[in-house]
Structure formats: C-alpha cells, structure tokens
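Q: Please take a close look at the contact between the two protein chains in this model, and set it in its surroundings.

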2 protein chains.
Amino acid sequence: MGITIKDIAKQAGVSYSTVSKALRNSPLVKEPTKKKIIRIAEQLGYQPNIVARSLVQKKSYTVGVVWPTIERVAPSKLITIINEQLEEHSYTTLLSINKLESAIKTFNRLQVDAILVFGENKDEIDKSKHINSTVPILYYGIKEDSVYPTIDVNRRLAIKLAVDYLFKIGHRNIAFFGDLSETESLQKQKYLGYKEAMEERNLSINNQLIIPTNGLELYDGYLAAKSFFSNKKIPATAIISGSYDLTRGILRATTELKVQIPEKISLISYDNIQQFENIEIQPTTVGVPINRIAKRITETLLEIISSEELNNSIILDPELSLFDSCKENTEESQV
Amino acid sequence: MGITIKDIAKQAGVSYSTVSKALRNSPLVKEPTKKKIIRIAEQLGYQPNIVARSLVQKKSYTVGVVWPTIERVAPSKLITIINEQLEEHSYTTLLSINKLESAIKTFNRLQVDAILVFGENKDEIDKSKHINSTVPILYYGIKEDSVYPTIDVNRRLAIKLAVDYLFKIGHRNIAFFGDLSETESLQKQKYLGYKEAMEERNLSINNQLIIPTNGLELYDGYLAAKSFFSNKKIPATAIISGSYDLTRGILRATTELKVQIPEKISLISYDNIQQFENIEIQPTTVGVPINRIAKRITETLLEIISSEELNNSIILDPELSLFDSCKENTEESQV
DNA sequence: TTGTACGCGTTATCAT
DNA sequence: ATGATAACGCGTACAA
C-alpha cells in the first residue's frame, strides 16, 4: 500500500487534516508547519490518492480520450499536443483503445471530467447513443455531419482555398493527388472541394488531372507522381496533394526526375502538421495548423468541464501558408 | 451526477447494501429481488463507480500502459491484442502518452493494479527509478539489457536463425537490409545477429552485402532494393530484411524489376506481425509471433497482479515460418 | 492556527 | 434473506 496523509500526519505530529491543508497549500497553515509537512511528504514519496480525492471532490482532473484506431498514425501528433496543453491546466489525459461504446462506459465508471472521441464514424457513434453518459463528450473529426458536439476541420474548404489561390496566380490546369477509395471519407471531402472549386471556376476536369494514389503512404505518392510525370506533355501546371505523406512522395519523384518546383510545376499540399523537415523544398500548404486544432479542442474541453454546457459543432477554417513551391503561371494555356 | 446504488435502493424499496449484493450477483439475495433490482439498474442506466469501488477494494481492475511514443506505429498492434486479452479477464486497459516518470506517477495515483511500459530506453527508465512505485511495473522491449522486470524478444537470435537456415540450404552470399543509424538500437540488435552468425559460419561480409536503408518505411526498402539489384552481378543469393515495411518495399522493387523470388534470390523477413496481406508473395519470416508476445505479456501481468512478486526478465525466442520465398542454392559459389 | 467530524459510493462484516 | 454500519483516503465546514 501507498503512503497516506495519515502516515505523514503521524510523522509530523499533526492531525491529518492539517496535512491535507498543507499539501493543498492552504493559507490556513503556518509556513513552518507547511514546510515540514511537505518535506516529510517528499521523503516518504507520497502520492495523493486520486481515487479518494475524486470521490469527495466529484472531480478527477482527468480527461478520457477514445482512440479506437491506434494503428493509424494520423492524429497522433494532435493528441500529443492536446495532452501537453491539458497538462498545463493540471489535467491528466487517459486513452482507451476500446470500442467507443465500451470506452464511454469505462470513462463514466472512472468518473473522468470529459471525454474526447477521435475519428469515429457515425454508425459507431449512434450505437453508443443509448448510453446516457454523465460525462460530457466532445467529438473530433467524425466522418459525417453530426448532431453531436463536434470539432472538426473544413477539409473541403481547404482544397478550395488551394484551387482559388492557384487560379489567382494564373493556373488553369490543376491536378489533384489523393486516395479516392470509398473507405477514405476524409480524403473524399478533399476531392469534393477540388471538384467544386474547379467547377466554380469553369475549369475542366479530366482523368489526366485526377490522380488516385491508391493508398496514403509516401510510396503511393511517389509512384503516382512518377507515372504522372512520365507523360510526354505534363497535363497540369500545378498539383494539389491530399496529404502530407503523398507530398513527400511526390517531392521524391520530382527530385529524382529533375522536375523543378516551382519552375516546372507548382505544388500545394494539404497539411495540418507543418513539419516538412528534412525535405528538399518547403511546400506551400493549406489546412488548419495542428496547434490551432489542439488549442481549440483543449479550450472546448475545459469549457465543457466547467460549464457543463456544450455549444454545438465548431468547424475550423483552414488557412494557406505560402512557401516557395508555387509560382505564377504565364503560359498560353490561360483562357 | 450519476445514478448510485442508493437511488436504485430507493426505487426498489430495499436497502442499498442489498442492491450492492444483487448487482454483484451474490447468492445471498433472493432471485426475484435480484431480478427486480437489476431491471431498475438498467432502466436508470446505472454505471458502477469504479472510484468508490477501488477505494474500498484496493483493486481497480485496471492496467496502465505507458506509451510515450504514440507516433510510432510499431507496437500498436501488440497493444491492441493485449487490450483484448486483458478485457477477457475483465481488466480495463488505460494508456498514458506522458513521459515515463509522470506516467508512473499518474498510474500510482490512480491506483491501477499494474503498469506496462513500452519501448523506453534505459536513461528514461533510470530517471524514473527514484519514484517508488507501489504498483508493480513490467517493461517491454527496452533497448538495453536491464535489471528491471522485462519481457522482450530476442531479435539477435532471430536473424541468426535466418542466416543459419539460409546456410543450411546452400546460401553463402547473404545480404542484410536494415536501418543502421545509431538511434535504431532495435535494428542494431538484428544487425549484430547477422554479423555474428555470418562470422560463426566463416562467411565473408562486405559492403556489398550490408545494405543500410536509411529509414524504415516501405519507400526506403524499395529504393535500397532498386539500387541493390542495379548491380551488374547481384552480390548475393539471399536477402534478410530487418523489418516488415522494408520487406514490402523490397518486394515492390523485385516485382517491378522482374527479379523472381525465390528463383533468382531468396528472401527472409524479420517480422512479428505475420500479416503480409495484399502482397504478391508470402515471404518466409523469422521472429516471435505477435500473439505469443501478447499472450506472454498478459499472463505475466496477471501473475504480477495476483502474486505481487515478479520473476525477472523473460526473453522470448523467435521462430522461423517457412513460406515460398526461399529456395536451395546450388550455384558454384558454394565453398 | 490546528483538530474533529462528516460525507463521497462502494464493499464487506456483522446483526437481525 | 435483508439491513445496518464500518471502512477505504481525502477534503472541508465547523469547532476548539
């Protein structure tokens, strides 16, 4: 068994309530006594029993994160940042990799102060609806529009921003690299943004411009790009890439094939992370910076915890971060 | 606030201690009363308060997993399996992505029953040593030999097995693909196994045979393999690949270059996962199957929890899984 | 300034 | 078969 405040009290020759006050740094305890108690606590390696505390306080200073798809890397950076930020507010983050329903139950039993759910689909969420969670829940990145309190990123708008910018600097033939398979509904939003924006500008879309990468790994981007550039005449003056890793692959291909960026072709990458380190060229990106997402999620969680009330869905708007992978297009191909 | 047993008691017109017994399915409660109580509990959506329970029982049926490197995919499959297995024993798994020291503190405060630490290096572990954890700790995959209770995999022996097998079927020129950078100490163990085994057999090693992939992604294996096979004369009759993704890359390269496996060259891959799905050829692998690792870890955790005593380090021995990527070598190059 | 007593939700022990 | 009550470790209102 661990050390309790009673053990400390005995050692210090005071009552255990005094110890409790001292450790919580209450002004109701004299400095010398406080110092002494704290010293003894450290000596004994005292760890406050959160269990007992949260029982009496009805607050555990703990946030539960539901993380059923641990095997996907995508949002792991995000959760790392959220964890750090919550820690600064002296909250502890606990992850569960169970299915949504069972994770929610667990966190309710554990009496966490709030639950953050990552990237679930609507079906799964609906299944968990009958559980009346005492603990407030916040969803991130769910795959369909939703009536549940949600924070998400406007991926569609992101790609539209990219198209608009490229249009503004003279590009008319704009290609899109992305995984278009049915399962990747996040990717699909990006594709829709591309299509919409192109149509709005009356730009033609053809199969030469839509490049399915058939996967989201670096290698997939690399292969797609190699085949793309093997065309006699490259069918576009600009590329929009649907994800970080794809972009890395595209850049490896352009380096290898000595396709100059941005001289030969412009490039914009979808990205939240903004850490294209060790890479030949810093690409122009579009997306919601991960720090902004994290900050907003943290704030919302703290809000939910203190007010018990959740204002509904928040959709974060993306921004364009200009670097040197884009250049004006002055070719005759302009209409 | 949530529903408590007292709420149920009021509804059912019994005392709350009867409710407690009924919900724990005690034989001391008459069937009809029990049924009634359970029904009401379900109606109200009652969730037992683990906090209170673990306070009195001094047991939380919870295992804490320290997972500081969430951004690396490697052991995520493993943890998924362990989670499932612990669940079958009605234990809940909770992850922390904090630094080791702070995670251990957290789990102690939370009064979990055991802590499982993933893939930390010795420095980090030493730093946490001064914390006298009330909760028993089990380490997995730490990067140096250790005095702490540990379960790990014998990577060195795995690669030796591979070399030995290839030797037995007539290969003398055996190449090794792996990331040899200083930071990858797990990879290094594999390289050492390769070197040792080759030396034991008096097989010569030269730079043509040791292929640093400079990364562990599919793409890295692909590139390394392409350059490897561009040699006029391929310098080996067999390849040992240091990891799953590298192997996938190598296979893509051989397919592309029409290098027949195993006709032209034999291949053995290091692997725990054994799920080379969607791949052209099922390679022969060597390693400890992930299910065996998971099972052993789960067992050890449960043991530790019940006995409070930990028998020291367990090193799991790898096995060879023969598939069709190897073939006897009958060339003259045999000594 | 310090100590006493009660309550948080649950389980376990003892009476009834 | 059921109910009353103590205990788990802590925080806090109130008494000293």
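A: What follows goes through the contact between the chains, then the DNA surface and the domains.

The model is a predicted one. Chain B is superposed on chain A by a rotation of 180° with 0.0 Å of shift along the axis, at an RMSD of 0.3 Å. The two chains are therefore related as by a two-fold axis. Both copies use the same surface, since 100% of the contact residues of chain B recur in chain A.

In the contact between the chains, 37 residues come from chain A and 37 residues from chain B. On the side of chain B that touches chain A, two or more residues each are given by H4, helix H5 (76–88), strand E2 (92–96), helix H6 (100–110) and H10 of chain B. Sorted by class, this side of chain B holds 16 nonpolar, 16 polar and five charged residues.

One part of the contact can be described residue by residue, namely the pairing of the two H10 helices. Helix H10 of chain A and helix H10 of chain B, residues 218–229 in each, have axes 8 Å apart and pack at an angle of about 55°. Because of that angle, H10(A) counts as oblique to H10(B). The residues of H10(A) that take part are Leu218(A), Tyr219(A) and Tyr222(A), and they meet Leu218(B), Tyr219(B) and Tyr222(B) of H10(B). This helix-to-helix contact comprises six nonpolar residues, with no polar and no charged ones.

H4 of chain B, listed above among the elements that touch chain A, also belongs to the DNA surface. It supplies five residues of the surface near DNA strand C, the largest share. Both chains contribute there: helix H2 (16–23) and helix H4 (50–57) of chain A, and helix H2 (16–23) and helix H4 (50–57) of chain B, each give at least two residues. In total, 24 residues surround DNA strand C, and the closest are Ser17(A), Val56(A), Thr4(B), Asn49(B) and Ala52(B). By class, the surface near the strand has 12 nonpolar, nine polar and three charged residues.

The domains of chain A complete the picture. Domain 1 covers 1–42, domain 2 covers 58–153 + 291–316, and domain 3 covers 155–288 + 319–333. Between the centres of domain 1 and domain 3 of chain A, taken over C-alpha atoms, there are 62 Å.

Technical notes. Residues are numbered from 1 along each chain as its sequence is written. Chains are lettered from A and ligands numbered from 1 in the order in which they are written. This is a predicted model: local features need pLDDT of at least 70, side-chain atom pairs count only at pLDDT 80 or more; totals for chains, interfaces and linings use all residues. Copies are superposed by least squares on the C-alpha atoms of residues with pLDDT of at least 70 in both. Two residues are in contact if their C-beta atoms, placed from the backbone, lie within 7 Å. Domain bounds come from an automatic or database domain assignment. Axes are lines fitted to C-alpha atoms, for helices over the stretch in contact, and angles run from 0 to 180 degrees between N-to-C directions. Helices (H or I, at least four residues) and strands (E, at least two) are DSSP runs, numbered from the N terminus. Angles under 35 degrees count as roughly parallel, over 145 as roughly antiparallel, 65 to 115 as roughly perpendicular and the rest as oblique. Ala, Val, Leu, Ile, Met, Phe, Trp, Tyr, Cys and Pro count as nonpolar, Asp, Glu, Lys and Arg as charged, and the others, Gly among them, as polar. A residue is near a molecule or strand if its C-beta atom, placed from the backbone, lies within 6 Å of it.
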